[in-house]
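Visitor: Please take a close look at chain B, going from its overall build to its packing and its contact with chain A. I would like the cut-offs behind each term stated as you go.

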Amino acid sequence: MSQQRLDRTDADSREVTAPDAEAFERRRRALRARRLRRGWVAWALVVPAAAFYVVFVLKPIVLTVQYSFYDWDGVTAASWVGLGNYAKLLQDPELGGSIVHAFELILYFSFIPVALGLATAAIIRKFATSRISVVSRTVLFLPQIIPLVAAGIMWTWLLSTDGLVNQVLRAVGLGSITRAWLGDFHTALPAVGVIGAWVLFGLCMLLLLAGMTKIDPSLYEAARIDGAGAWREFFSITLPSLRQEVGVCLTVTVIAALASFDIVYISTQGGPGNATLVPGLEIYYLAFFQRQVGTASALAVALMLLVLAVVLPLQRLNRTGDS
Amino acid sequence: MTATACSAPGGDNNNAANTQGSTSTSTAGGQPTCGTAPVKLKMYIETGFPLPKDLSDEFTKQYPNVTFDVREDQFAVITQNAPRVLVDDPPDLMRLPQVSELAKDNLLLNLDPYATAFGWDKWPQSQLEQMRVNADGSRGDGPLYAMGLNFSMTGVFYNKKLAQQIGMTAAPTTLAELDQDLQKAKDAGIVGIAQFNGGATGGLAFPLQNLMAAYGDPAPINDWIFQKKGASIDTPTNLQAAEHLDKWIKAGYFAKDINSFDYATMMSRFIGGKSLFIFDGDWESGNLDKQMAGNAGFFIMPPAQAGGKQAAMSAPLTYGISAKAANPDCAAFFLNWVATNDKARTIAVQVGGSHPMGPADAFMPPVEANTVTAQTLDAGAKIGKDNGAMDFIANATGAIYAKSWTPNLQKMVAGQQTPQGLLTAVQKDYESEIGG
């Protein structure tokens with residue numbers, strides 16, 4: 001965009017140096033040809049990415065929607081069942097539980113990382129220039145670059161019966177509450193949530209910190225002159241200015257919670273006794289163990305709509321806040 | 001792309017089915033062979049188990065014109081990919097999960113012609129019945145769709161040092177004696193059974209099925225696993241078994257955290273001396289003879305009544321040939337060689353730890369006395385005599401283990417499921433899966 005604008009001023013300036021009408025016409029034609037050429041270049045640049053997007057994103061979505069109307073085991077000929085698979089979803093009692101679990105995970109995947117992210121970002125901003133800030137930023141962001149599978153395996157060790165978490169609890173005299181955190185019906189889902197919070201916290205913190213650096217320092221100065229304390233500064237200036245960043249954090253993490261699969265798959269596989277079963281895992285079991293590709297696709301489509309239904313209002317909230 | 005997107009998915013492989021009998025048939029005396037021209041057998045095996053590789057290496061040594069192109073995956077991955085791989089990238093030999101759906105979908109080669117040609121039909125038929133699938137998908141009879149590299153046995157392994165500590169001098173001969181040993185272990189502060197039961201693999205299915213066989217006849221259990229019409233897991237003797245298991249749970253004979261750990265953790269705890277018993281199979285015999293030399297023992301689950309018949313889960317290590325395989329004759333020849341060649345049978349025992357397939361009077365390699373391997377091989381003979389071989393209740397359908405046995409057994413451990421509730425729930429899931 002800016003490149004184009006630059007070129008036009010370039011052309012305009014040359015126009016002034018060549019007032020001759022014929023030359024002007026030639027120039028215009030050349031300009032149009034160049035624009036056309038540039039259009040082709042633009043297309044050539046977009047096509048590879050667009051092709052990948054179509055083949056690996058749009059086509060699978062379309063196919064998933066198509067499969068959801070068939071009774072198909074993935075191999076033999078499929079038979080058309082219309083909305084039958086969707087009706088089956090509504091009758092599945094297990095599924096209701098898994099959706100509730102997904103919403104419970106929002107607490108751990110979204111609210112905790114955003115709240116903690118705000119707090120840490122506010123603290124780190126205070127010593128923005130010192131080395132501690134760089135070090136702590138890097139350390140806190142690290143979980144984000146660790147593959148989820150590795151994070152899941154590491155946390156299953158930490159949370160196991162003789163893992164570090166229980167060792168620490170025993171050392172500080174809390175031996176009575178130690179347990180196999182991922183194998184206990186009451187603590188398995190929160191334990192999975194903690195893993196997710198640990199992974200997503202760094203992302204939120206970095207996003208929020210970046211947002212804070214954009215805030216005009218004079219606002220803080222003015223507030224301080226008016227006698228505002230640190231709390232007042234945070235709630236009256238920092239938080240409102242970060243509305244968009246918070247919106248992005250919430251969007252990303254809510255999607256991560258509702259569509260969670262990898263962390264759960266690695267740490268509990270939905271156990272014990274379906275206590276951590278989530279829709280993503282249910283889709284996987286339906287497709288690859290029960291070989292009901294149609295039902296699995298229907299659930300995938302339903303999950304996509306559910307995610308959109310939750311995330312889209314968040315966007316609108318964001319936009320009205322902007323205007 | 002639009003054309004394929006608008007037509008119904010699947011069904012592209014149906015014409016490939018039943019095209020048995022191959023393009024490159026080379027026969028010697030009526031039996032298919034690998035011929036003399038270079039052959040590359042495509043083999044898809046389970047990673048972590050050296051047996052198929054050792055067998056294929058030995059085979060190449062004896063038949064230098066045959067080489068192997070081996071692909072390895074974890075069993076869970078093989079389970080997920082099996083149908084697609086058999087169609088899209090058909091292997092000549094492939095480690096198979098539950099065969100009934102694959103056979104029903106015409107993805108596997110019917111091995112009956114080979115069984116006749118090689119004389120497999122003259123072997124003890126209990127070895128093969130799990131791999132026979134009827135047109136309706138029920139197992140137990142019908143055409144043969146797979147072959148074993150050997151067949152495994154399950155039972156109870158025990159730690160000899162810990163057994164000595166609690167005064168257990170001999171393997172229990174009745175269920176009551178086993179109960180007493182468990183109680184003695186508990187009194188001595190020793191974990192009775194650190195059985196894996198976490199994630200999607202409910203290992204309590206092992207003791208449960210052993211208890212089922214201790215109380216009742218294995219035949220109806222097999223009928224249920226083979227999807228015979230009208231079969232039910234919810235029987236009076238199975239209820240007794242589930243109640244007995246519940247009694248063990250409530251008595252604290254299992255490790256407290258069994259719902260949180262997997263198979264590998266169980267093995268490391270048992271080898272590390274943190275569990276008196278584990279319910280497991282003889283595929284670990286070789287491993288235990290190495291890592292717990294002289295300290296591990298094995299017995300088949302004792303019967304409820306003294307002198308009663310004994311049964312055990314026993315299953316062939318199934319390998320099948322894709323219906324679209326390029327070299328089916330050579331693959332079948334390899335499978336026959338594994339069961340009948342002395343060198344191959346030695347590898348099956350020494351590397352695989354399990355009993356080789358084949359005729360009852362076939363060559364058996366010498367095994368050092370007092371090893372777990374010797375004990376499990378003896379146990380295999382006893383099971384054969386009692387006609388007590390069962391398939392595993394986890395193999396009844398594709399999802400029954402992960403989606404029904406496991407969550408319900410985990411709930412039972414947490415006191416959230418009753419023995420009757422367990423059987424009712426599993427039977428219901430079983431019926432809905434077979435019906436649907």
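Guide: A residue counts as buried if 20 or more other C-beta atoms, placed from the backbone, lie within 10 Å of its own, exposed if 12 or fewer do, and partly exposed in between. By that count, 53% of the 436 residues of chain B are buried. The model is predicted, so local features need pLDDT of at least 70 and side-chain atom pairs count only at pLDDT 80 or more, while totals for chains, interfaces and linings use all residues. Residues are numbered from 1 along each chain as its sequence is written, chains are lettered from A and ligands numbered from 1 in the order in which they are written.

As for the overall build, chain B holds 17 helices and 12 strands, these being DSSP runs (H or I over at least four residues for a helix, E over at least two for a strand) numbered from the N terminus. Its radius of gyration, 22 Å, is close to the 22 Å that the globule rule gives for 436 residues, so chain B is as compact as a globular protein of that length; the radius is taken over C-alpha atoms, and the rule is 2.2 Å times the number of residues to the power 0.38. Along the principal axes, the C-alpha atoms of chain B fill a box of roughly 65 × 55 × 35 Å. Among the contacts in chain B (C-beta atoms within 7 Å) that link residues at least 6 apart in sequence, 77% join residues at least 24 apart.

The packing leads to the largest nonpolar core, a set of buried Ala, Val, Leu, Ile, Met, Phe, Trp, Tyr and Cys residues joined through C-beta atoms within 7 Å. This core has 203 residues, and the members that touch the most others are Leu108(B) and Phe334(B). Helix α8 (residues 188-213) of chain A is the element that gives the most to this core, with 17 residues. Apart from neighbours within four places in sequence, Leu108(B) is in contact with Val99(B), Leu102(B) and Ala103(B), with Tyr145(B) and Ala146(B), and with Gly320(B), Ile321(B), Ser322(B) and Ala323(B).

Turning to the contact between the two chains, 31 residues of chain B and 31 residues of chain A take part. On the side of chain B that touches chain A, the elements giving two or more residues are α3 (75-88) and α16 (400-413) of chain B, and α16(B) provides the largest share, six residues. That side of chain B divides into 11 nonpolar, 13 polar and seven charged residues, where Ala, Val, Leu, Ile, Met, Phe, Trp, Tyr, Cys and Pro count as nonpolar, Asp, Glu, Lys and Arg as charged, and the others, Gly among them, as polar.

One backbone detail of chain B deserves attention. Gln227(B), although not a glycine, has a positive phi of about 65 degrees; most residues other than glycine have a negative phi. Gln227(B) sits in the loop between α9 (218-225) and α10 (236-251) of chain B and is buried, with 20 other C-beta atoms within 10 Å. In the partner chain, Arg291(A) likewise has a positive phi, near 55 degrees, in the loop between α13 and α14 (293-322) of chain A, and counts as buried with 22 C-beta neighbours inside 10 Å.
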